[in-house]
Amino acid sequence: MHSNDYSVAPVLIGRLVDVTADLERIHVAHNGVTVTSHDRAWARQLTVTDPDHVAQAAVLRRQFQTLRRHQRPQAHVAFVETASLSSYDDVFGVDTGRGLTDLSLIA
């Protein structure tokens, strides 16, 4: 907001949140529920952090590091299949000129 970063609880990482502001506060909501609010900072390029968010992040970091130390090494490497993007061209009828050997555009 206004070039500043405001912290949100780390359990919300990867989730969509709604950010609103008035002249005094920054409000963050998830699924219509206010999850945090901060005093609005009018300076630019600041990071405003709630100490509770820092503490929660520290707990999650320790849990993650503990899990990593106790995991057994994988004996095999899993193959992850990837989709051929050309299948989308086929579905949508895009003529890609598959006989081409360079990346030039055809007008």
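This short presentation goes through the fold of one protein chain, its three-stranded sheet, two buried residues and a surface patch.

Good morning, colleagues. Please bear in mind throughout that this is a predicted model.

I begin with the chain as a whole. Its secondary structure consists of two helices and five strands. Read from the N terminus, the order of the elements is β-β-β-β-β-α-α. The chain has 107 residues, and buried residues account for 14% of them. Its accessible surface amounts to about 9300 Å², with 57% belonging to carbon and sulfur atoms. As for contacts between residues at least 6 apart in sequence, 42% of them link residues at least 24 apart.

I turn now to the sheet. Three strands make up an open sheet in the order β2-β3-β4, and the pairing is antiparallel. The edges are occupied by β2, residues 18-21, and β4, residues 33-39; each has a single partner strand, so one side of each lacks a neighbour in the sheet. On average, and with direction ignored, neighbouring strands of this sheet are turned by 20° against each other. As a general reminder, strands of a sheet pair through backbone hydrogen bonds, in either a parallel or an antiparallel manner.

Let us take the two pairings in turn. Between β2 and β3 there are four bridges in the antiparallel sense. Thr20 is placed opposite His27 in β3. The connection from β2 to β3 is a hairpin through three residues.

On the other side, β3, which covers residues 25-30, pairs with β4 over six bridges, again in the antiparallel sense. Two positions illustrate this register. Arg25 has Asp39 in β4 as its bridge partner, and Val28 stands opposite Thr36 in β4. These two strands also form a hairpin, with two residues between them. In that turn, Asn31 adopts a positive phi of about 55°.

Two residues of this sheet deserve a closer look. The first topic is Ala29, which belongs to strand β3. Is Ala29 buried or exposed? Its relative accessibility is 15%, and because the cut-off for a buried residue is under 20%, Ala29 counts as buried. If residues up to four places away in sequence are not counted, Ala29 touches Val17, Asp18, Thr34 and Val35. Leu16 lies 13 residues from Ala29 along the chain, and the C-alpha atoms of the two are separated by 9.0 Å.

The next residue is Thr36, located in strand β4. With a relative accessibility of 7%, Thr36 is likewise classed as buried. Which residues is Thr36 in contact with, leaving aside its neighbours within four places in sequence? They are Ser7, Val8, Ile26, His27, Val28, Asp50 and His53. Val28 in this list is the residue that stands opposite Thr36 across the β3 and β4 pairing.

Finally, I move from the sheet to the surface. Helix α2 spans residues 86-92 and includes Phe92. In contrast to the buried residues just described, Phe92 is exposed, at a relative accessible area of 65%. Together with Tyr88 and Val91, Phe92 forms a nonpolar patch on the surface. The accessible area of these three residues together is about 390 Å².

To recapitulate: the open sheet runs β2-β3-β4 with antiparallel pairing, Ala29 and Thr36 are buried, and Phe92 is exposed. Thank you for your attention.

How values were computed
Residues are numbered from 1 along each chain as its sequence is written. This is a predicted model: local features need pLDDT of at least 70, side-chain atom pairs count only at pLDDT 80 or more; totals for chains, interfaces and linings use all residues. Side-chain values use heavy atoms; hydrogens and water are left out. Patches are made of residues with over 30% relative accessible area and no salt bridge: like charges are joined within 9 Å, nonpolar side chains (Val, Leu, Ile, Met, Phe, Trp, Tyr) within 5 Å. Accessible areas come from the Shrake-Rupley method with a 1.4 Å probe; for residues, only the protein chains shown count as cover. A salt bridge is a side-chain nitrogen of Lys or Arg within 4 Å of a carboxyl oxygen of Asp or Glu. Buried means under 20% relative accessible area, exposed over 50%, partly exposed in between (1.4 Å probe, protein chains only). Two strands pair if DSSP finds at least two bridges between them. Axes are lines fitted to C-alpha atoms, for helices over the stretch in contact, and angles run from 0 to 180 degrees between N-to-C directions. Contact means heavy atoms within 4.5 Å.
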